[in-house]
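Please load the model in your viewer and keep the sequence panel open beside it. We will go from one selection to the next and look at what is there.

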Amino acid sequence: MNQQASAAEHTQGRHSSVTASVVICAYTLERWDDLRAAVASVVAQLSPADECLVVIDHNEELLAEASHAFGGPDGVHVMSNADKRGLSGARNTGVAASRGELVAFLDDDATAGPGWLDGLRSALSEVDMVGAGSAVVPRWPGGARPAWFPPEFDWVVGCTYLGMPAHAADVRNVIGAGMAFRREVFELVGGFSTDVGRVGAIPTGCEETELCIRVRQAKPEVRIGFLPSIEVRHRVSADRLTALYFLRRCLGEGRSKARVAALVGQDAGLSSERSYVRRVLPRGVLRELARGMRGQFAGFKAAALIVAGLACAGFGYVTAHSRKAGISR
């Protein structure tokens with residue numbers, strides 16, 4: 001028993017000796033309560049040498065409010081995005097200002113679950129692991145998933161979706177709401193591409209996908225891991241629970257994937273998506289149709305949204321890809 005305790009203490013000490021910087025990017029006062037909760041969830045997990053950086057994306061009112069609220073001895077530093085407007089630029093500002101050996105990222109409308117930071121720290125202590133992401137669990141309005149919302153599309157609200165590994169596994173890319181990278185990643189390939197990703201409330205993304213692919217292309221032997229045993233809880237706002245938002249987000253995802261493919265190549269940019277379309281979505285359609293036939297009529301809507309979501313993503317990809325091809329010619 002004493003030997004086991006000693007080994008556990010040694011492992012914990014080794015992990016905690018790796019310093020961490022947690023970057024939280026924010027752009028609107030509408031998420032003020034969410035931002036306060038996000039910062040509090042991180043501060044509770046910081047070791048003395050760690051830090052939390054709150055990067056405000058070109059919003060002077062929010063910058064003043066955050067500077068007043070978070071200034072103090074808790075290891076929190078507030079700064080303005082010094083890069084191009086958008087999530088990628090804000091993250092790059094945080095990376096540039098950070099001091100930690102690993103740099104973690106948490107969305108401003110998410111809260112880190114117990115052990116989140118140490119779980120990422122532990123994973124990145126493995127020799128060849130340079131990036132890791134946690135599970136991102138949706139926090140639905142009213143506490144329950146809408147019956148019509150297909151779990152294969154939880155990425156629409158920035159969360160872990162059905163089709164991702166159920167156990168710890170190596171993955172092509174992680175989800176941005178709760179992830180971390182060793183500092184050497186940014187020294188190797190630079191920062192997040194400002195040609196990709198979310199700007200304000202525009203429903204696009206994929207900046208972390210592009211970065212992860214670029215890392216693996218530069219150094220194929222390294223690993224990026226998904227850790228479903230640790231989690232962040234991501235608040236889903238009511239305005240994202242409409243069919244219109246769902247389809248707009250799918251359209252934006254298709255456009256974003258076209259930008260990623262243009263930057264890193266089609267094979268790398270679409271490798272995971274091909275398996276998702278061939279294997280995951282057909283099973284989802286059949287499940288939801290069967291649910292509808294059993295009298296749970298929301299299943300018919302969910303099945304229709306799976307098909308429509310795929311169609312919108314495909315349309316977004318094709319039109320964005322064609323536009324870029326026309327420009328290049």
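## First stop: S21 and its strand

Select S21 and show its surroundings: beyond the neighbours within four places in sequence, S21 is in contact with E51, L53, S98, R99, G100, L102, V103 and A104. Keep in mind as you look that this is a predicted model.

S21 belongs to strand β1. Is S21 buried or exposed? Its relative accessibility is 0%, so S21 counts as buried. Now turn to the side chains of S21 and E51, which are joined by a polar contact of 2.6 Å.

## Next: strand β4

Colour residues 102-107, which make up strand β4. Strand β1 runs parallel to β4, and six bridges pair the two. To find one place where they meet, select V23, which stands opposite F105 in β4.

How many of the six residues of β4 are buried? The count is six of six, and β4 is mostly covered. Look along the strand and you can sort the side chains by direction: L102, A104 and L106 point one way, V103, F105 and D107 point the other way, and all are buried. This fits a general pattern, as side chains in a regular strand alternate between the two faces of the sheet.

## On to strand β8

Now add β8, residues 178-182. β4 and β8 run antiparallel and are joined by five bridges. Two positions help you line them up: V103 stands opposite F181 in β8, and F105 stands opposite M179 in β8.

Next, show strand β6, residues 129-139. β6 and β8 are also antiparallel, with three bridges between them. Here G131 has F181 as its bridge partner in β8.

Why is β8 described as largely enclosed by the rest of the structure? Five of its five residues are buried, so the strand is largely enclosed. Both faces are covered: on one side are G178, A180 and R182, on the other M179 and F181, and all of these are buried.

## Following the rings from F181

Show the aromatic side chains. Across the whole structure, a search finds 13 aromatic pairs. Begin with F181 and F186: their ring centres are 6.0 Å apart and their planes lie at 80 degrees, so this pair is edge-to-face. Step from there to F186 and F192, a tilted pair with 6.0 Å from centre to centre and 50 degrees between the planes.

F181 and F186 are both buried. The relative accessible area of F186 is 9%, and F192 is buried as well, with a value of 3%. Stay on F192 and add R91, which lies over the face of this ring at 5.3 Å from the ring centre.

For another group of rings, select W140, W148, F149, F153, W155, Y161, F246 and Y276, which ring pairs link into a cluster. Then add K301: its charged end sits over the ring of W148, 4.4 Å from the centre.

## The nonpolar core and helix α5

Which residues have the most contacts inside the largest nonpolar core? They are L106, W116 and F181, in a core of 83 residues. Strand β1 (residues 20-26) gives the largest share of this core, with six residues.

Centre the view on W116. Not counting residues up to four places away in sequence, W116 touches V22, Q45, A104, F105, L106, S134, G178, M179, I230, E231 and V232. W116 is also among the buried residues of α5, together with L117, G119, L120, R121 and A123. This helix spans residues 116-123 and is mostly covered, with six of its eight residues buried.

## Last stops: E210 and S47

Select E210, in helix α7 (residues 207-218). E210 is buried, at a relative accessible area of 3%. Its side chain makes a polar contact of 2.8 Å with the side chain of R214. Apart from neighbours within four places in sequence, E210 is in contact with S193, V260, L263 and V264.

Finish at S47, in the loop between α2 (32-43) and β2 (51-56). S47 is partly exposed, with a relative accessible area of 21%. Draw a distance from its C-alpha atom to that of R294: the two are separated by 52 Å and lie 247 residues apart along the chain.

Terms used. Residues numbered from 1 in each chain as written. Predicted model: local features only at pLDDT ≥ 70, side-chain atom pairs only at ≥ 80, totals over all residues. Heavy atoms only, no water. Buried < 20%, exposed > 50% of the residue type's maximum accessible area, 1.4 Å probe, protein only. Helix = DSSP H or I, 4+ residues; strand = E, 2+ residues; numbered from the N terminus. Pairing = 2+ DSSP bridges. Phe/Tyr/Trp six-rings, centres within 6.5 Å; stacked < 30°, edge-to-face > 60°. Lys NZ or Arg CZ within 6 Å of the ring centre and 35° of its normal. Polar contact = N/O pair within 3.5 Å; in protein donor to acceptor, adjacent residues only side chain to side chain. Contact = heavy atoms within 4.5 Å. Core = buried A, V, L, I, M, F, W, Y, C linked by side-chain atoms within 4.5 Å.
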